[in-house]
Amino acid sequence: MSDHVEHAHGVRSEEDRIDTGKIIAVGVAALVVFFIGSYAAIAYLQDLRASREGPPMPPEVGQNKIGMVEQQLFELSVRGERDRTARRQRLASYGWVDRGAGVVHLPIDRAMDLVTQGIRPMPAPPVEPVPSQAPDLGPGPGGQP
């Protein structure tokens, strides 16, 4: 059988045929290259991930409050109750507010009794402004102050 076909006009051409074996070989070779490349990429990324340490843990992790944001569930938060208890204890106790200035705090019931008796706390003495001193810059240009 001849590979060439002679037409009626006298021109010869090759017979049209598809070499399916070569097409299948190229397809299989492309798939093999694809899978080998994929395997190499996955292995490289896994090796890279294993060699890196994770990012450092931020110091804020585990704290109840970060910035202005409460991090606990409201059902589990007891900070408000602790603050309220501390404030109630302060309202029911004696203590110094400013020892140097002689300012104290009283139990709220005692303070209200004193106020109803007409006893008022003394106003704080006015704070005198500290005179500012101009820095001595020395004589000006030409000996002028």
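Student: Which residues does UniProt list for "transmembrane region"?

Tutor: The model shown here is predicted, whereas this annotation is taken from a UniProt record, an unreviewed entry. In the model, the span in question is 100% helix and 0% strand. The residues that UniProt lists for "transmembrane region" are 23-45.

Student: How far apart do the end C-alpha atoms of residues 23-45 lie?

Tutor: Helix H1 covers residues 20-51, and the span 23-45 is 100% helix. The distance between the end C-alpha atoms of that span is 33 Å.

Student: Which element of the chain has the highest mean pLDDT, and which the lowest?

Tutor: Across the chain the average pLDDT is 83, and 87% of the residues score at least 70. At the lower end stands strand E1, residues 4-6, with a mean of 75. The highest mean, 96, belongs to helix H1.

Student: What pattern does the chain follow along the sequence?

Tutor: The secondary structure comprises 3 helices and 6 strands. Read along the sequence, these give the pattern β-β-α-β-β-α-β-β-α.

Student: Which residue forms a salt bridge with Lys 22?

Tutor: The structure holds 1 salt bridge. Its closest N and O atoms are 3.9 Å apart, and the cut-off is 4 Å, so the pair qualifies. Lys 22 is exposed, with a relative accessible area of 59%, while its partner is partly exposed at 44%. That partner is Asp 19.

Student: Is Ile 24 buried or exposed?

Tutor: Ile 24 lies in helix H1. Together with Val 28, Val 32 and Ile 36, Ile 24 forms a nonpolar patch on the surface, and the four have about 380 Å² of accessible area together. The relative accessibility of Ile 24 is 56%; since the term applies over 50%, Ile 24 counts as exposed.

Student: What kind of aromatic pair do Phe 34 and Phe 35 form?

Tutor: The structure holds 1 aromatic pair. Phe 34 and Phe 35 form this pair, with ring centres 5.4 Å apart and 70 degrees between the planes. Planes over 60 degrees apart fall into one class, and therefore the pair of Phe 34 and Phe 35 is edge-to-face.

Student: What is the relative accessibility of Phe 35?

Tutor: Phe 35 is one of the two partners in the aromatic pair. Phe 35 counts as exposed, a term that applies over 50%. Its relative accessibility is 54%.

Student: What percentage of the residues of the chain count as buried?

Tutor: A residue counts as buried under 20% relative accessible area. The chain has 145 residues, and the share that meets this condition is 2%.

Definitions and conventions
Residues are numbered from 1 along each chain as its sequence is written. This is a predicted model: local features need pLDDT of at least 70, side-chain atom pairs count only at pLDDT 80 or more; totals for chains, interfaces and linings use all residues. Side-chain values use heavy atoms; hydrogens and water are left out. UniProt positions are given in the numbering used here, feature names are shortened, and annotations may be inferred rather than shown by experiment. Helices (H or I, at least four residues) and strands (E, at least two) are DSSP runs, numbered from the N terminus. A salt bridge is a side-chain nitrogen of Lys or Arg within 4 Å of a carboxyl oxygen of Asp or Glu. Buried means under 20% relative accessible area, exposed over 50%, partly exposed in between (1.4 Å probe, protein chains only). pLDDT is the predictor's confidence in each residue, from 0 to 100. Patches are made of residues with over 30% relative accessible area and no salt bridge: like charges are joined within 9 Å, nonpolar side chains (Val, Leu, Ile, Met, Phe, Trp, Tyr) within 5 Å. Accessible areas come from the Shrake-Rupley method with a 1.4 Å probe; for residues, only the protein chains shown count as cover. Rings of Phe, Tyr and Trp (its six-membered ring) pair if their centres lie within 6.5 Å; planes under 30 degrees apart count as stacked, over 60 as edge-to-face and the rest as tilted.
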